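User: Can you take me through the pockets in this one, and then the ligand? Short answers are fine.

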Amino acid sequence: MIPELSNPSVCMRDPQRVQEILQSMVKAGSNTVQVISDFDMTLTRFAYNGKRCPTCHNILDNSNLISNDCKIELKELLNTYYPIEIDSSRSIEEKLPLMVEWWTKAHELLVQQKIRKDLLAMVVQESDAMLREGYKLLFDHLYEHSIPLLIFSAGIGDILEEVIRQAGVFHPNVKVFSNYMDFDESGELRAFKGELIHIYNKREGALLNTGHFQELRTRPNVLLLGDSLGDLTMADGVHDMENILKIGFLNDKVNTISHSHGLYNVSIPLTSL
Ligand SMILES: Nc1ccn([C@@H]2O[C@H](COP(=O)(O)O)[C@@H](O)[C@H]2O)c(=O)n1
């Protein structure tokens with residue numbers, strides 16, 4: 001077993017199975033592997049020095065590109081819907097329309113702010129956005145071994161890209177599926193592009209992007225990194241999957257069914273990081 005997995009706080013519902021999957025992947029070789037990862041609170045840190053780190057949306061919401069009145073409205077949305085997102089007593093069916101409502105209302109508010117594309121880099125620079133410890137090793141290692149990394153995020157693609165660009169790890173092997181902003185010819189935000197991606201429709205998003213997975217059909221071994229129930233379906237577009245190892249970061253969803261029912265092969269609590 002790799003040493004990190006022997007950390008006593010790391011939970012595995014079936015360590016033997018994890019070992020078998022890893023052995024099988026190692027035997028098949030790195031040219032058969034692809035990595036599919038969520039972004040917010042999976043590749044980024046959940047908290048630093050006791051303070052919550054921002055999601056892609058929060059980076060923008062807290063910035064000086066947003067008026068004070070709009071900040072109040074976005075904060076009210078966060079206070080209303082985030083507790084619903086992490087409420088393990090509600091079913092996905094119950095939460096899904098409410099999540100669509102949250103994302104839709106927040107994006108409408110952001111569009112009203114006429115955000116300028118050329119100011120996004122500064123906003124990220126001035127934010128508390130922080131990738132997880134060890135991120136450089138992960139991104140650089142995947143690049144050096146030509147392993148594709150798909151980041152599948154319900155956050156904001158333009159912000160996400162800027163976070164990894166500023167961290168110096170936006171390598172050519174990285175591809176992003178996310179909500180991208182649509183700017184007019186003067187560089188002002190006028191809408192969000194394409195189908196909305198929220199936390200519970202990543203499966204549909206994966207199935208819509210068949211071209212990407214078709215290109216990677218020689219890579220049937222998948223390492224999936226996520227932090228929620230919705231992230232478990234991110235690999236549903238992968239052709240002829242042979243092995244999948246699902247690693248979940250517990251964050252503040254410690255009691256959610258995705259982890260407590262062992263849907264992730266490996267669960268990593270906040271305290272072990
Ligand atoms: N207005 C919003 C909407 C969503 N969020 C958070 O973003 C997270 C989604 O991003 P992933 O990279 O994890 O797919 C989600 O967990 C929401 O809490 C937000 O902060 N503001």
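Analyst: What follows covers the pockets and then the ligand, and the model is a predicted one.

User: What volume does the largest pocket have?

Analyst: The volume of the largest pocket is about 1,500 Å³.

User: How many residues line the largest pocket, and which lie nearest its centre?

Analyst: Its lining is made of 38 residues, with I2, E4, L138, L223 and I247 nearest the centre. Two or more lining residues come from each of α1 (15-28), β2 (33-37), β3 (47-48), α6 (135-144), β9 (221-226), β10 (243-249) and β11 (266-268).

User: Which element gives the largest share of that lining?

Analyst: That is α6, which gives 5 residues to the lining of the largest pocket.

User: And how does the lining of the largest pocket split by class?

Analyst: There are 26 nonpolar, 8 polar and 4 charged residues in the lining of the largest pocket.

User: OK, next pocket. How much space lies in the second largest one?

Analyst: The second largest pocket holds about 790 Å³. Its lining counts 41 residues, and those nearest the centre are P54, T55, H57, N58 and L78. The elements giving two or more residues to this lining are β4 (51-52), α2 (56-61), α3 (68-85), α4 (92-112), α5 (120-126) and β5 (149-156).

User: Which of them has the largest share there?

Analyst: α3 does, with 7 residues in the lining of the second largest pocket.

User: What about classes for the second largest pocket?

Analyst: That lining has 15 nonpolar, 11 polar and 15 charged residues.

User: Now the ligand. Where does the ligand sit?

Analyst: The ligand sits in the second largest pocket.

User: Which residues are closest to the ligand?

Analyst: D38, T55, E85, S153 and A154 are the closest of the 15 residues that surround the ligand. Among the elements, α2, α3, α4 and β5 each put at least two residues into this shell. By class, the shell around the ligand has 6 nonpolar, 5 polar and 4 charged residues.

User: Any polar contacts to list? What does A154 do, for a start?

Analyst: A polar backbone atom of A154 is 2.8 Å from an oxygen atom of the ligand. From the side chain of D40, an N or O atom lies 2.9 Å from a ligand oxygen. For N58, a polar side-chain atom is 3.3 Å from an oxygen atom of the ligand.

User: Last one: how much of the ligand does the protein bury?

Analyst: The protein buries 97% of the 480 Å² that the ligand exposes when taken alone.

Methods:
Residues are numbered from 1 along each chain as its sequence is written. This is a predicted model: local features need pLDDT of at least 70, side-chain atom pairs count only at pLDDT 80 or more; totals for chains, interfaces and linings use all residues. Side-chain values use heavy atoms; hydrogens and water are left out. On a 1 Å grid over the protein atoms alone, a cavity is a set of points where a 1.4 Å probe fits but cannot get out, and a pocket is an open set with protein on both sides within 12 Å along at least five of seven lines; lining residues have an atom within 4 Å of a point. Grid points are joined across faces, edges and corners, and a volume is the space filled by probe spheres set on the points. Helices (H or I, at least four residues) and strands (E, at least two) are DSSP runs, numbered from the N terminus. Ala, Val, Leu, Ile, Met, Phe, Trp, Tyr, Cys and Pro count as nonpolar, Asp, Glu, Lys and Arg as charged, and the others, Gly among them, as polar. A residue is near a molecule or strand if one of its heavy atoms lies within 4 Å of it. A polar contact is a pair of N or O atoms within 3.5 Å; within protein, one must be able to donate a hydrogen and the other to accept it, and residues adjacent in sequence count only if both atoms are side-chain atoms. Accessible areas come from the Shrake-Rupley method with a 1.4 Å probe; for residues, only the protein chains shown count as cover. A molecule sits in a cavity or pocket if more than half of its atoms lie within 2 Å of its grid points.
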